[in-house]
Amino acid sequence: MIESKYLKDSVQNIQKLMTIPPLRKFETRHLGQLIRLSKIREYQPGEVIIKEGGQDTWIYFLLSGRVRIEKTGMKIATIDTVGEIFGEMRLLDGLARSASVFAVEKTVCLAFDPYGEDSRSTPDQRTKFLLLLYKMFAEFLSGRLRVINEELSRIKRETGNK
């Protein structure tokens, strides 16, 4: 993995973040907070991004490339959409990582540590920022659940289960 230092909240970096679909609803000051807690990480094919059972708190936004999600060695999904989020479940439930994530090809991610220290944010600003994150994750997870529901419904129809 090649990793940048923590990013600076410059106008250019904020403009780049505004191109990531889940972050378009954020105000500039909140994007600044996110940037100050973020690094750019580049992975080579086959490299582990998240290890199942791990305790790290990083959340990822896919900037380029493709990743494979595996649970106990079984492939469960592939992510290749720019802006897609992964690694958020650890923040939401506080449990160990539920799956591993591997780079399928050269992959670049915005890695964000919501527990990182941002000396420029007041406790009130941090609370508002975390609420925005949770709202974004709730919307994102709702979309994933809808896809899973459709898939489960299709499988049940095909197998004759009611």
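Two strands are said to pair if DSSP finds at least two bridges between them. Helices (H or I, at least four residues) and strands (E, at least two) are themselves DSSP runs, numbered from the N terminus. The model on display is predicted, so local features need pLDDT of at least 70 and side-chain atom pairs count only at pLDDT 80 or more, while totals for chains, interfaces and linings use all residues. Residues are numbered from 1 along each chain as its sequence is written, and side-chain values use heavy atoms, with hydrogens and water left out.

**Stop 1: the sheet of five strands**

Begin by selecting β1, β2, β9, β4 and β7. These 5 strands form an open sheet in the order β1-β2-β9-β4-β7, with antiparallel pairing. At the edges stand β1 and β7; each has a single partner strand, so one side of each is left without a neighbour in the sheet. Strands of a sheet pair through backbone hydrogen bonds, either parallel or antiparallel.

Next, keep only β1 and β2 in view. The two run antiparallel and are joined by 2 bridges. Select I2, and E42 of β2 will be found standing opposite.

**Stop 2: the sheet of four strands**

Now select β3, β8, β5 and β6. An open sheet of 4 strands appears here in the order β3-β8-β5-β6, and its pairing is antiparallel. The edges are taken by β3 and β6, each with a single partner strand, so one side of each lacks a neighbour in the sheet. From one strand to the next, the twist averages 30°.

Within this sheet, select V67. Which residue is the bridge partner of V67 in β6? The partner there is I79, and in β8 the bridge partner of V67 is A103. Strand β5 (residues 67–71) pairs with strand β6 (residues 74–79) in the antiparallel sense over 5 bridges. The pairing of β5 with strand β8 (residues 100–103) is also antiparallel, over 4 bridges.

Select T72 next. The hairpin of β5 and β6 has 2 residues between the strands, and T72 takes a positive phi near 45° in this hairpin.

**Stop 3: aromatic pairs**

Rings of Phe, Tyr and Trp (its six-membered ring) pair if their centres lie within 6.5 Å; planes under 30 degrees apart count as stacked, over 60 as edge-to-face and the rest as tilted. By this rule the count comes to 2 aromatic pairs.

For one of them, select Y6 and W58. The pair is stacked, at 6.3 Å centre to centre with 25° between the planes. Y6 lies in the loop between β1 (2–3) and α1 (11–17), and W58 in the loop between β3 (48–50) and β4 (59–64), so that the pair links distant parts of the chain, 52 residues apart. Burial is judged by relative accessible area: buried means under 20%, exposed over 50%, and partly exposed in between (1.4 Å probe, protein chains only). Y6 is partly exposed at 39%, whereas W58 is buried at 11%.

Then select Y60 and F86, which form a stacked pair with 5.2 Å centre to centre and 10° between the planes. Y60 belongs to strand β4 and F86 to strand β7 (residues 85–86), 26 residues apart. Y60 is buried, with a relative accessible area of 1%, and F86 is buried as well, at 2%.

**Stop 4: helix α2 and its surroundings**

Select helix α2. Of its 9 residues, 7 are buried, so α2 is largely enclosed by the rest of the structure. The buried residues are H30, L31, G32, Q33, L34, I35 and R36. What covers them includes α1, β2 (38–43), β9 (107–112) and α4, judged by contact (heavy atoms within 4.5 Å).Add helix α4 to the selection. Helix α2 (residues 28–36) and helix α4 (residues 123–159) pack at an angle of about 90°, with their axes 11 Å apart. That makes α2 roughly perpendicular to α4 (angles under 35 degrees count as roughly parallel, over 145 as roughly antiparallel, 65 to 115 as roughly perpendicular and the rest as oblique). Axes are lines fitted to C-alpha atoms, for helices over the stretch in contact, and angles run from 0 to 180 degrees between N-to-C directions. The contact is made by H30, Q33 and L34 of α2 with Q125, R126, K128, F129, L132 and L133 of α4.

Finally, select R36 in helix α2. R36 counts as buried at 17% relative accessibility. Not counting residues up to four places away in sequence, R36 touches Y6, L7, D9, D118, R120 and S121.
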